[in-house]
Amino acid sequence: MPLKTISGTGRTCSISSLFITLSLLCILPLSFFFFLSNPRSTPPQNLLNKLQMSKNSIKVYIPELPRSLNYGLLETYWALTSDSRLGSEVDNEIRKTLLSKTSKKFPPYPENPLIKQYSAEYWIMGDLLTPEELKKESLAKRVFDFREADVVFVPFFATLSAEMQLGVNKGVFRKKVVENEDYQRQKMVVDLVKKSEAWLRSGGRDHVFVLTDPVAMWHVREEIAPAVLLVVDFGGWYRVDSKGSNDNSSDTIHHTQVSLLKDVIVPYTHLLPRLQISENKKRHTLLYFKGAKRRHRGGLVREKLWDFLVNEPGVVMEEGFPNATGKEQSVRGMRTSEFCLHPAGDTPTSCRLFDAIQSLCIPVIVSDDIELPFEGIVDYAKFSVFVAVSDALRPNWLVSHLRSYSDEQKNRFRRNMAQVQPVFDYDNGHPGGIGPLPPNGAVNHIWKKVLQKLPLIKEAIVRERRKPSGVSVPLRCHCT
């Protein structure tokens, strides 16, 4: 067959060649479709893992703040010659014997249980400073330009700052005076952060502060209220929000500084070691509680419960404090009891709940206003007993109710509890917290919850930007 020439192109093609080309163009898309739809032809697993991790990760920027506001605070703490506060015996011993062997750049966090229970700030910071090649399991990816970030993490050890002030000069803690070093540090953080381009761009709504101690950043809470606050509960905010209202006006909206829509409830750091389900033994005590009998505000229910329960058969109510002796008693008491009582204290929750989980002691939660970490991911009803305060205060009701649970129900609670024990672990086992973290631990779960809030954070930033100059955003309560 003679060849046809397309004039002006200088190229010649046959009808056969053209037919083959067109056929290939039709066949290739079909082949590609069947390749993708074939379950045996899936992309490599490592590629899928990378894609999934990228989808679920959160980009975090850390602004530069003076070292004196984070690890320098730890240096100051350990430089104290001694500490006479309750629970400080262990840290005084570390000062004498172990401190010379620890990292100078990343000093350890205090072991004093009154401070250690709030140590989330230390472990989150350690994860963010870990080199990227060691962060394969971490959801938080550090970036060095705030314009690339999803959130801005403020590197201030606010809890340690507050606790150090309470230890050195408690009398000035609530006062805005020069002698209150914690207040001076709070002011420094707010001044530096609020002048930054990152804050001005978002109004602070994408900034993250760790405020696990109920009194952390006490004097500047109104100024950082737009930010994402990582808190153990909202109990430390109630009195502050209601001060100006006298509870007389129905128009007054309470708790405008904290909200489940923007903030994240995080766990206390548990103080007791984990009991594996395989190590669980027969429990002879029905209900156990160890702690202070008298508390304030919502914790007044604790004193009433104490009087109801102290003489009940099968119930152990111990008054004690978190020193070395108290820790040993708590380990023994929680591991030999079916249920552990968790009444409200000065705030709706406490470290005791997470110690009970690690001890496989079924929590009995008597705290109507409690907020719990990672709800929506963790279902507490699968391993805890929730009791209304009004029911718990009925004579003989609580003990009778707990005795109604069968062995199979209690064993199922403990099996479910064992599955979530790792979720409440902060410690990654590395000095200074610098190193790979457990993928299913507390730090990653905190970032999962922050990640869930990103769409609302971004929407709030956009809404604020479009408002005309001089128009203020009304304070609204988003409590649920």
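Is Lys-293 buried or exposed? In this predicted model, Lys-293 is buried, with a relative accessible area of 13%. Its salt bridge partner is Asp-307, and the closest N and O atoms of Lys-293 and Asp-307 are 3.2 Å apart. Asp-307 sits in helix H12, which covers residues 300–309. Lys-293 sits in the loop between S9 and H12. The two residues are 14 positions apart, and the pair links distant parts of the chain.

The chain as a whole comes next. The chain contains 18 helices and 13 strands. Of its 480 residues, 48% are buried. Among contacts with a separation of 6 or more, 70% join residues 24 or more positions apart. The exposed surface amounts to about 24700 Å². Carbon and sulfur atoms supply 55% of that surface.

Six strands form an open sheet. Their order is S4-S3-S5-S6-S7-S8, and the pairing is parallel. Strand S4 (140–143) and strand S8 (264–265) stand at the edges. Each has a single partner strand, so one side of each is left without a neighbour in the sheet. Strand S5 (residues 151–153) pairs with strand S6 (residues 207–210) over two bridges, in the parallel sense. Val-152 has His-207 in S6 as its bridge partner.

Thr-212 lies in the loop between S6 and helix H10 (221–224). Its relative accessibility is 1%, so Thr-212 counts as buried. The side chain of Thr-212 has two polar partners to note here. A polar atom of this side chain lies 2.9 Å from the backbone oxygen of Tyr-118. The side chain also makes a polar contact with the side chain of Thr-159, at 3.1 Å. Leaving aside residues up to four places away in sequence, Thr-212 touches Tyr-118, Ala-120, Thr-159, Leu-230, Val-232 and Val-266.

The structure holds one disulfide. This link joins Cys-340 to Cys-361, with an S to S distance of 2.1 Å. The link of Cys-340 and Cys-361 is right-handed, with 105 degrees about the S-S bond. Cys-340 lies in strand S11 (residues 337–343), while Cys-361 lies in the loop between helix H14 (352–358) and strand S12 (362–366), so the disulfide ties together parts that are 21 residues apart in sequence. Both Cys-340 and Cys-361 are buried. Cys-351 is buried too, with a relative accessible area of 4%.

Salt bridges number 19 in the structure. One of them joins Asp-425 and Arg-274, whose closest N and O atoms are 2.3 Å apart. This pair links distant parts of the chain, 151 residues apart. Asp-425 is in the loop between helix H17 (407–420) and helix H18 (442–466). Arg-274 is in the loop between S8 and strand S9 (285–291). Asp-425 is buried, with a relative accessible area of 18%. Arg-274, at 27%, is partly exposed.

Another salt bridge joins Arg-147 and Asp-145. Here the closest N and O atoms are 3.3 Å apart. Asp-145 is partly exposed, with a relative accessible area of 23%.

The salt bridge of Asp-307 and Lys-293 opened this account. Elsewhere, salt bridges that share partners form one network. Its members are Glu-338, Asp-407, Lys-410 and Arg-414.

Notes
Residues are numbered from 1 along each chain as its sequence is written. This is a predicted model: local features need pLDDT of at least 70, side-chain atom pairs count only at pLDDT 80 or more; totals for chains, interfaces and linings use all residues. Side-chain values use heavy atoms; hydrogens and water are left out. Two strands pair if DSSP finds at least two bridges between them. Helices (H or I, at least four residues) and strands (E, at least two) are DSSP runs, numbered from the N terminus. Buried means under 20% relative accessible area, exposed over 50%, partly exposed in between (1.4 Å probe, protein chains only). Contact means heavy atoms within 4.5 Å. Accessible areas come from the Shrake-Rupley method with a 1.4 Å probe; for residues, only the protein chains shown count as cover. A polar contact is a pair of N or O atoms within 3.5 Å; within protein, one must be able to donate a hydrogen and the other to accept it, and residues adjacent in sequence count only if both atoms are side-chain atoms. A disulfide is a pair of cysteine sulfur atoms within 2.5 Å. A salt bridge is a side-chain nitrogen of Lys or Arg within 4 Å of a carboxyl oxygen of Asp or Glu.
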